[in-house]
Amino acid sequence: MKNLFLVLLAVCCAGGVSAQGYKSGPAEKDFTAYLFTYFKGNKVEDEAICFAVSTDGYNYKALNNGMPVINSKKISSTGGVRDPHLLRAEDGKTFYMVVTDMTSSKGWDSNRAMVLLKSTDLVNWSSSVVNIREKYAGQEDLKRVWAPQTIYDAAAGKYMIYWSMKHGDGPDIIYYAYANPEFTGLEGEPRVLFNPKNGKSCIDGDIISKHGLYYMFYKTEGHGNGLRMAITDSLASGKWIEQPGYKQQTREAVEGSSTFKLINSDTYILMYDVYMKGKYQFTESRDLDVFKVIDQEISMDFHPRHGSVIPITTRELKRLTGQWGLPEGITIPEKNNPVLEGYYADPDILYSEKNGKYYLYPTSDGFDSWSGYYFKAFSSDNLKDWKDEGVILDLKKEVSWADRNAWAPCIIEKKVKGKYKYYYYFSAAQKIGVAVADEPAGPFKDSGKALIDFRPEGVKGGQEIDPDVFTDPKTGKSYLYWGNGYMAVAELNDDMVSIKKNTLKVITPDATFREAAYVFYRNGLYYFLWSEDDTRSENYRVRYATSRSPAGPLDIPKDNLILVKDPAKGIYGTGHNSVLQVPGKDEWYIVYHRFSKPNGIKMGSPAGFHREVAIDRMEFNADGSIKPVKVTD
């Protein structure tokens, strides 16, 4: 058995990496709390969906004073629901919940259906009843449909719903079918997902993935009433390796297990319903094999039955408590940074005069070797709450001259013949292109060719990346800056999609210059900012110079280091910035990326593929010099 498991692990770890699509929503770094969904008991009024929240995964408080958050009578065919299981979808912003459509008052063999629910805010839910007997032929002897759960099957590219069914005098067996794209029904016939080799009943399947393997806990119904485990590397293969022994840490009968990982940790929690005692037991493990009871660390002001737990963000916690009240003892975590959920880098910020909103244009990060191929935009009214505007340019679909390495964009808003235009400059395949739109969130149309695909005369190394665009408020002329290993500048033509090559010159400040030039104007001075070191280095940082001209020469202050890491706060790799002046005010912000907290410094080989965007105040001394920036969480 052990050898089979090792072979399975080796095959899985050696397998290829599946294609990566667009990424949305939060990453693990963005989670700050937990949502526990459960039902309360066998009375009809208790067979309903309830919510509780926690900020540490150990201490939970009920929402809505412990009352249901969804009316069972409106979503079910029996008047009651049990066994709620909640899943965040792959898009990061959609939630799927499945529940048993059943009230126990009608008998344990009385139900034939489940309910599928869908939400984008955890507050408002659409629902559909799926009655197995009515939907499928040959189900006349079906006795019960119990405890559905959902998991994303990456091999199929679909959401698998799995549940147990009992037919006639046969055993309970765990079946599966894939949800339709709308998550309102099932596709195809139910198929057996798991049937133990001993042929005896199994119910309450609960699957969690770890390092490419799927671990399923299940209850041995009617013969031990405990939790066993089986492992596979392919959900629909039917090939499971059954593990010896029971996983519960009590001699009492248990059911309804749910497994979740603590946020930013390698610790897993296995919790289960000790139903004869009317209580829950919590255990923890790092290997999903050996579990330790941690009941002494757990508190709940409610008595749950068969539920599940998922991590949530501060924004989601605020939405939930805004709807159902903030329980006493729950404090909402407040942070300034990061400002975007997910992994992003190289941020460029714009205040749009056209619609009075702020826009962020980052590199889509979280891809090995910075292999992202699309750009997104985000909008905000207050610099704190950012709306994902979606993908604004996909190299593979919309750019003919490059399809890889979508990096470091910048943007400018200009009035052309009385109408606003948006010129978006970006790095792709180590060249620089430009796309144009009528709105700050697009759609953008590529110019059809690279704007910068050559190295300036005399430059022998570096890359043609990291554009910055700046319009001189004195003359109205626009300039493009770029370069890795060198800093180049050229005046743009009036069309904004070509440069005046006779104006091109190299103005590299000094040996500290690596990349990411950024230019802005304040009180008669032109400020030139750049990043030193490598974005994979924890010492990536920002320096500056000043000039009386947008094309140099540059004056480099003695103390010109303004943005650096803060190890005491776990902040590393601070660089590649843009700068924002709040309209009409001498109020300034620096927008930059850093290694994602808390684990970004450990991610990648080396680190630097999982970065996050932060915004902090930038202040000036009376002589115009920039004060060192105080980086914040």
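The following exercises concern unusual backbone geometry in a predicted model.

**Exercise 1.** Determine whether the peptide bond from G552 to P553 is cis or trans, and state where P553 lies.

*Solution.* Begin with the general expectation: most peptide bonds are trans. Next, consider the omega angle of the bond from G552 to P553, which is near 5°. This bond is cis. Finally, place the proline: P553 belongs to the loop that runs between strand 36 (541–547) and strand 37 (561–563).

**Exercise 2.** Identify the omega angle of the peptide bond from K597 to P598, and locate P598.

*Solution.* The omega angle of the bond from K597 to P598 is near 0°. The bond is therefore assigned as cis. As for its position, P598 sits in the loop between strand 39 (588–595) and strand 40 (611–618).

**Exercise 3.** State the sign of phi at A147, and decide whether A147 is buried or exposed.

*Solution.* Recall first that most residues other than glycine have a negative phi. A147 is not a glycine, yet its phi is positive, at about 50°. The residue is part of strand 8 (residues 142–153). Its relative accessible area is 3%. Buried means under 20%, so A147 is buried.

**Exercise 4.** Find the strand that holds H306, and give the sign of its phi and its burial class.

*Solution.* H306 is in strand 21 (residues 305–313). Although H306 is not a glycine, its phi is positive, at about 20°. Because its relative accessibility is 4%, H306 counts as buried.

How values were computed. Residues are numbered from 1 along each chain as its sequence is written. This is a predicted model: local features need pLDDT of at least 70, side-chain atom pairs count only at pLDDT 80 or more; totals for chains, interfaces and linings use all residues. Side-chain values use heavy atoms; hydrogens and water are left out. Helices (H or I, at least four residues) and strands (E, at least two) are DSSP runs, numbered from the N terminus. Buried means under 20% relative accessible area, exposed over 50%, partly exposed in between (1.4 Å probe, protein chains only).
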